[in-house]
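Me: I would like to go through this structure and ask what backs each label put on it.
Reply: Go ahead; the structure comes first.

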Amino acid sequence: MQEYGVSHSSLEFELPDALATEALGAALARAYTRGVRGVAAGSAVGSAVIYLHGELGAGKTTCVRSLLRTLGVAGLIRSPTYTLVETYRPQGITCVHVDLYRLGGPEAVEELGLRDYLGTDCLLLVEWPEKGGSALPPPDLELTLTYQNDFRRARLDARTKCGLGWTDKLVHDSSLPPYVSNIT
């Protein structure tokens with residue numbers, strides 16, 4: 001969807017608390033399942049990649065947990081800080097949550113086999129992607145979380161046509177207007 005013929009290649013959000021970060025994660029999940037790749041509702045949604053940037057404690061895992069809960073993951077959602085990779089399969093979608101913080105570099109990423117997931121309906125969520133370099137598939141969306149005074153700030157940047165469709169859907173999510181600080 002486009003508003004007045006303008007695509008929303010980046011969005012910025014002010015996130016005053018963890019609930020706002022969770023709202024963003026839930027909205028990302030809803031936009032993904034609404035046919036990010038142009039697939040009819042209830043059908044397979046295709047593969048997508050989100051890179052999550054931000055310092056320790058910025059809210060990356062909080063956002064991912066909310067996204068996974070909204071997609072239908074029940075039970076414990078672990079941070080992959082020590083396991084490196086956690087896999088979930090809600091509603092026929094493979095969700096792979098990866099944390100590369102402890103990795104030594106791109107050569108270690110190859111051993112994780114992340115590219116193997118992308119031939120199927122897979123949502124790949126990568127924390128600390130800068131540690132993976134060229135060993136990672138390119139992102140559809142990049143989410144950067146930063147601290148600003150007493151709250152967090154989030155910036156979403158679309159990097160592909162898929163990512164652009166995703167940000168355009170987020171603009172119309174009724175749960176997000178209180179947090180959107182600008183649309184560029």
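Me: Which residues of the largest nonpolar core touch the most other members?
Reply: This is a predicted model. Its largest nonpolar core has 37 residues, and those touching the most other members are Leu24, Leu28, Leu67, Leu68, Leu123, Leu156 and Trp166. At least two residues each come from β1 (10–15), α1, β2, α2, β5, β6, β7 (151–158) and α4 (161–171). α1 gives the largest share, seven residues. Another core, of 15 residues, lies apart from it and includes Val98, Leu103, Cys122 and Val126.

Me: What does Leu156 touch?
Reply: Beyond residues up to four places away in sequence, Leu156 touches Ser9, Ser10, Leu11, Phe13, Leu24, Leu28, Leu141, Glu142, Leu143 and Leu170.

Me: Why is Val126 called buried?
Reply: The cut-off is under 20% relative accessible area. Val126 has 0%, so the word buried applies. Val126 sits in strand β5. With residues up to four places away in sequence not counted, Val126 touches Ile50, Tyr51, Leu52, Val98, Leu100 and Leu136. The C-alpha atoms of Val126 and His97 are 6.1 Å apart, although 29 residues separate the two along the chain.

Me: How many disulfides are there?
Reply: The count is zero. Cys95 is in none, and the nearest cysteine sulfur, in Cys122, is 7.3 Å away.

Me: Why is Cys122 not bonded to Cys95?
Reply: A disulfide needs the two sulfur atoms within 2.5 Å. The sulfur of Cys122 is 7.3 Å from that of Cys95, its closest cysteine sulfur, and therefore too far for a bond. Cys95 is buried at a relative accessible area of 1%, and Cys122 is buried at 0%.

Me: What makes the length of α2 agree with that of a helix?
Reply: α2 has 12 residues, so at 1.5 Å a residue the expected span is 16 Å; the end C-alpha atoms are 17 Å apart, which agrees. Gly72 follows α2 and has a positive phi, near 115°.

Me: Where do the buried residues of α2 pack?
Reply: They pack against α1 (18–33), β2 (48–53), β3, β4, β5 (122–127) and β6 (141–148). Lys60, Thr61, Cys63, Val64, Ser66, Leu67, Leu68 and Leu71 are the residues of α2 that are buried.

Me: Why is Thr61 among the buried ones?
Reply: The value for Thr61 is 16%, and the limit is under 20%, so Thr61 counts as buried. Leaving aside neighbours within four places in sequence, Thr61 contacts Ser79, His97 and Glu127.

Me: How do you know that α1 has the expected span?
Reply: At 1.5 Å a residue, 16 residues should span 22 Å; the end C-alpha atoms of α1 are 23 Å apart, so the two agree. Asp17 caps the N-terminal end of α1, with a side-chain oxygen 3.2 Å from the backbone nitrogen of Leu19. The limit for a polar contact is 3.5 Å, so this pair qualifies.

Me: What makes β3 and β4 a pair?
Reply: A pair needs at least two bridges. Four join β3 to strand β4 (residues 94–99), so the condition is met, and the strands run antiparallel. Glu86 stands opposite His97 in β4. Five residues lie between the strands of this hairpin, where Gln91 takes a positive phi near 50°.

Me: Which side chains of β3 are buried?
Reply: In β3 (residues 85–88) the side chains alternate. Glu86 and Tyr88 point to one face and are buried, whereas Val85 and Thr87 point to the other and are not.

Terms used:
Residues are numbered from 1 along each chain as its sequence is written. This is a predicted model: local features need pLDDT of at least 70, side-chain atom pairs count only at pLDDT 80 or more; totals for chains, interfaces and linings use all residues. Side-chain values use heavy atoms; hydrogens and water are left out. Buried means under 20% relative accessible area, exposed over 50%, partly exposed in between (1.4 Å probe, protein chains only). Contact means heavy atoms within 4.5 Å. The expected span of a helix is 1.5 Å times one less than its number of residues. A polar contact is a pair of N or O atoms within 3.5 Å; within protein, one must be able to donate a hydrogen and the other to accept it, and residues adjacent in sequence count only if both atoms are side-chain atoms. A nonpolar core is a set of buried Ala, Val, Leu, Ile, Met, Phe, Trp, Tyr and Cys residues joined through side-chain atoms within 4.5 Å.
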